[in-house]
Amino acid sequence: WGDVGLHGSNQIQTPNIDLLASNGIILNNYYVSPLCSPSRSALMTGYHPIHTGFQHSVIHNAQPWGLPLKFKILPQYLKPLGYETHIVGKWHLGFFKKDYLPTNRGFDSHFGFWSGHTDYYDRKSSHNGFDLRHNERHAMLPVYKDEYLTDILTNKSIDIIIRNSQTSEKPFFLYLAHNAVHAGLKKHSLQAPHKYVKRFHGVKNERRRIFCAMVSALDDSVGHIFAALHRTDALNNTIFIFSTDNGGATGGTGGWSIDNSIGSNWPLRGSKYTLFEGGIRGFSFIWSPLLKRQYESNHLMHIQDWLPTIYSAIGGHLKDLGPIDGIDMWSTLQDNTESRRESLLHNIDPVW
C-alpha cells in the first residue's frame, strides 16, 4: 500500500502506475487475500477462497494439490466469446498433474513459472528446481542468461500484443502475473539491475534501496505494456486492470519474516499473512476508454469480483457464471453508482 507514489511514498516514484490510475478509477476500498494462491484462486474462479480450498495457505512445490478441476476459470469463460487467452508469469494454482496446468485450463499459451516465486536471474524455485516454462516445456536457460525476470515477462507480453495485432482478428485476454516485487530465494533475495538501483542512491538501507528498484522496474513494465497497446491501436478497446495479490511483506511484522522482504504498507497496520488492513487492503486501479469518468472509488470491492465484472464488460451473460461469490461491478464502476457489495468476508481459517 505504501510503495506507490500515488499513496505518498517519499522513496519510490511510480510515474506510469500513478498516471494510468489517475486517468482511470482508483479503487480505495479494494481487498484481496493475505496470500498469493488464495487471491489467484478468487481472481480466476469468482469464488471466495473458503470455497476453493485456499483458505489456509499457499501451494508448496512438492504438495500434490491444486485449484480443483470442478471450478471453471476466467479464460474458460472467455473462449466461447471468441477470445485468445494468454498467461505470462506466475501460475501458482497447481502443477502436480498435467490437468492442472494453465494450458489445460483455458489458456492458449503460458510463458512463466508454475511455482510461487523464483529467482530473478537463475530461474530456480525452491529446492534448486529450475522453473521457467514455455507452455509445458522448460524455457531454455541460456537464451535468457543474465536477463532480469521482470524484463523477460514484459517483453513476452509485448510479443503477444504485437503478434495478436498482426495475425489475429480475435480479441485477446492477457494475464500478466509478475514475480515482482516478491523476494527471490537466496539469502540476498532482493534483486534488481544496477540501472534501477542507481535511481535510489539516496535510500540509505541497502535492502530497501534494492526493493525500491524492483518496484521501479515493475512500474516501467506497466509503461512498456501500455505503450505496446498504443502502438498496435488496441487501446481504444482495452480494459487495463492492475491489482496486487496481497499486502506488502514487511520483513518481520507480527513475527513473519519468511519472505525476507522489506515492503511498506504505511499507514496501514500489519503485513502479508495477516488479516490486518496491511495484509488484505490492496492497491488496484482500472483504466479503459470504455469507462465514462475518472475518479477515486470508495466502493467496497474484492478480487473475486473481477471475473463477473470483466465478463459483464465484454457482453457475457452473468447467468453463465453460476452461483459464484463475486459481484459484477462494471455498471457501478462506469457510473459511480451504489455498489451491490455491502459486506465482505476476509477469511475463515480453521488452522491459523
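In what order do the four strands of the open sheet sit, and is the pairing mixed or not? They line up as β8-β9-β1-β10, and the pairing is indeed mixed. Keep in mind that this is a predicted model.

**The whole protein**

Let's step back for a moment. The secondary structure adds up to nine helices and 11 strands. Measured out along its principal axes, the C-alpha trace covers about 50 × 45 × 45 Å. A compact globule of 352 residues would have a radius of gyration near 20 Å, and the protein comes in at 19 Å, so the two agree. Of those 352 residues, 57% are buried. Then there are the contacts between residues with a separation of 6 or more: 66% of them join residues 24 or more positions apart.

**The sheet**

Back to the four strands. In general, the strands of a sheet pair through backbone hydrogen bonds, and they can do this in a parallel or an antiparallel way. Here, β8 and β10 are the edge strands, each with a pairing on one side only. From one strand to the next, the twist averages 15°. Take β8 and its neighbour β9: they pair in the antiparallel sense, over four bridges. F242 has F285, in β9, standing opposite.

Here is where the strands run:

| Strand | Residues |
|---|---|
| β8 | 240–243 |
| β9 | 284–287 |
| β1 | 25–27 |
| β10 | 295–297 |

**Two helices on the sheet**

Now for the helices. Helix α1 packs on the sheet, where it touches β1, β8 and β9, and its direction makes about 60° with that of β9. Helix α6 lies across β8 and β9, and it runs at about 170° to β8.

**Where the helices meet**

These two helices also meet each other. The axes of α1 (residues 15–22) and α6 (residues 206–231) come within 7 Å and cross at roughly 55°. With that crossing angle, α1 counts as oblique to α6.

Which residues of α1 and α6 make the contact? On the α1 side they are P15, N16, I17 and L20, while α6 brings in D219, D220, V222, G223 and F226. Sorted by class, the contact has five nonpolar, two polar and two charged residues.

**Putting it together**

So the picture around the sheet looks like this: α1 touches β1, β8 and β9, α6 lies across β8 and β9, and the axes of the two helices come within 7 Å.

Terms used: Residues numbered from 1 in each chain as written. Predicted model: local features only at pLDDT ≥ 70, side-chain atom pairs only at ≥ 80, totals over all residues. Heavy atoms only, no water. Axes fitted to C-alpha atoms, helices over the stretch in contact; angles between N-to-C directions. Parallel < 35°, antiparallel > 145°, perpendicular 65-115°, else oblique. Contact = heavy atoms within 4.5 Å. Nonpolar A, V, L, I, M, F, W, Y, C, P; charged D, E, K, R; others polar. Pairing = 2+ DSSP bridges. Rg over C-alpha atoms; globule rule 2.2 N^0.38 Å. Buried < 20%, exposed > 50% of the residue type's maximum accessible area, 1.4 Å probe, protein only.
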